[in-house]
Amino acid sequence: MQNVIVFGASGQLGNCLKKVAGERGIDYVHFLPEDEANILREDLLDIVFEKYKPTFAINCAAYTAVDKAEDDVDLARAINKTGAVNLAKQCKTYSTTLVQISTDFIFKGDAALPRTEEDPAEPISIYGLTKLEGEQAIAEIIDEYYTIRTSWLYSEYGNNFVKNMLKLGVERDELKIIADQVGTPTYAIDLAGAILDIIASGKNAYGIYHYSNEGVTSWYDFAKGIFDISGTDVKVFPIRTSEFPTRAQRPAYSVMDKAKIKATFGIEIPYWRDSLEQCLAVLASPK
Ligand SMILES: NC(=O)C1=CN([C@@H]2O[C@H](COP(=O)(O)OP(=O)(O)OC[C@H]3O[C@@H](n4cnc5c(N)ncnc54)[C@H](OP(=O)(O)O)[C@@H]3O)[C@@H](O)[C@H]2O)C=CC1
Ligand SMILES: Cc1cn([C@H]2C[C@H](O)[C@@H](COP(=O)(O)OP(=O)(O)O[C@H]3O[C@@H](C)C(=O)[C@@H](O)[C@H]3O)O2)c(=O)[nH]c1=O
């Protein structure tokens, strides 16, 4: 019998896991509030692991403010690396499998082919670096882990590019969006479903996996898709990265190869625009 605990439950992915688990009638996943399960508080983790003795722990907790992380290195590293270490140590004690969520931003982004799990990581931001440090620390402590790298997450919950565009689209007459950063958006609801599938599979195929929606796009085309589907009337202009300076550098190309997760777990992945339509329909529906 599975017994699963979720850290970072009030974030975007945590909320999506809650929604999908509810829709599937899964009652063995426990969503832990941060005051009960701060991943930097080893005393609280001792209590939580002793209480649940979980088969799986899903780590959705992270420092995700990419630009802010450049000036907030210690906190980003504490949450993204030390937090992961703390969870891995508990998982070792309780024979728990850790599901760690990581990012396409561990890649440099100078390749022209979808990145596989074996491709070298070379982060160009503090966020990407600290997420990679978290991945590597987990692998040094335990063998029984799934590290799932995903990209460009969005959903009806939390702060994300889709909700930001919908807001800016009504506030402004025109927007300039970077067209030379290419990747794949991921509907966090789809990712949540995949995580629950992996747990339910009963397979012990531990290691690193890539998961995003299918397809390839730029932030510019993603924004165009959001405005087309939602019927938002705003002019959108494609620009180069150099025309939109940000504190952190972002990979120019971060498309991920998903062959491994599809072959290992038989997971079917929706095309990014189909999932975007679903999310926008949810956002447009009466609350
Ligand atoms: N968002 C994205 O575009 C992408 C995200 N990812 C990865 O996916 C995962 C989920 O991201 P997402 O849900 O979007 O992120 P969010 O920022 O929405 O959620 C992260 C959650 O972690 C919580 N948290 C922060 N510090 C701690 C702590 N010490 N203990 C417990 N909880 C803490 C945050 O709480 P609070 O808000 O109070 O700080 C927040 O609720 C992360 O690992 C992220 O790196 C990967 C690719 C893309
Ligand atoms: C608001 C805005 C953004 N942009 C660009 C900046 C950036 O290159 C891109 C996306 O900006 P955001 O700040 O929304 O996204 P960002 O926070 O960089 O998204 C990343 O978050 C982390 C957590 C991840 O792990 C990544 O996979 C990725 O999703 O859009 C424009 O070109 N014009 C605009 O008006």
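**Helix packing, ligand shells and local backbone features**

In the predicted model, helices α2 and α4 cross in a right-handed manner. The axes of α2 (residues 42–52) and α4 come within 10 Å, at an angle of roughly 30 degrees. On the α2 side the contact is made by Glu 42, Leu 45 and Phe 49, and on the α4 side by Asn 86, Gln 90, Thr 93 and Tyr 94. By class, three of the residues in this contact are nonpolar, three are polar and one is charged.

A second helix pair is formed by α1 (residues 12–23) and α7 (residues 188–201), whose axes lie 8 Å apart at an angle of about 65 degrees. The crossing of α1 and α7 is likewise right-handed. From α1, the residues Gln 12, Leu 13, Cys 16, Leu 17, Lys 19, Val 20 and Ala 21 take part, and they meet Ala 188, Ile 189, Leu 191, Ala 192, Gly 193, Ile 195 and Leu 196 of α7. Eleven residues of the contact between α1 and α7 are nonpolar, two are polar and one is charged.

Helix α7 comprises 14 residues and spans 20 Å from its first C-alpha to its last, close to the 20 Å expected at 1.5 Å a residue. Ten of the 14 residues of α7 are buried, so the helix is largely enclosed by the rest of the structure. The buried positions are Ala 188, Ile 189, Asp 190, Leu 191, Ala 192, Gly 193, Ala 194, Ile 195, Ile 198 and Ile 199. After α7 comes Gly 202, which has a positive phi near 75 degrees.

Two ligand shells were examined. Ligand 1 is surrounded by 24 residues, of which Gly 8, Gly 11, Gln 12, Ala 61 and Ala 62 come nearest. Two or more residues of this shell are given by each of α1, α4 (73–94) and β4 (97–103). The shell around ligand 1 contains eleven nonpolar, eleven polar and two charged residues. Gln 12 is thus listed both among the residues nearest to ligand 1 and in the contact of α1 with α7.

Around ligand 2 there are 19 residues, and those that come nearest are Thr 64, Thr 103, Phe 161, Ile 178 and Trp 219. The elements giving two or more residues to this shell are α6 (161–171) and β7 (174–178). Strand β7 provides the largest share, four residues. Ten residues of the shell around ligand 2 are nonpolar, six are polar and three are charged.

Lys 176 is located in strand β7. Lys 176 has 16 other C-beta atoms within 10 Å and is therefore partly exposed. Beyond its neighbours within four places in sequence, Lys 176 is in contact with Phe 237, Ile 239, Glu 243 and Phe 244. The C-alpha atom of Lys 176 is separated by 45 Å from that of Glu 42, 134 residues apart along the chain; Glu 42 belongs to the α2 side of the contact with α4.

Most residues other than glycine have a negative phi. Lys 53, which is not a glycine, has a positive phi near 40 degrees, and Trp 152, also not a glycine, has a positive phi of about 45 degrees. Lys 53 is placed in the loop between α2 and β3 (56–59), whereas Trp 152 occupies the loop between β5 (145–150) and β6 (153–154). With 11 other C-beta atoms within 10 Å, Lys 53 is exposed; Trp 152, with 23 such atoms within 10 Å, is buried.

Note on methods: Residues numbered from 1 in each chain as written. Chains lettered and ligands numbered in written order. Predicted model: local features only at pLDDT ≥ 70, side-chain atom pairs only at ≥ 80, totals over all residues. Axes fitted to C-alpha atoms, helices over the stretch in contact; angles between N-to-C directions. Left-handed = near helix turned anticlockwise from the far one by under 90°. Contact = placed C-beta atoms within 7 Å. Nonpolar A, V, L, I, M, F, W, Y, C, P; charged D, E, K, R; others polar. Near = placed C-beta within 6 Å. Expected span 1.5 Å × (residues − 1). Buried ≥ 20, exposed ≤ 12 C-beta atoms within 10 Å, placed from the backbone.
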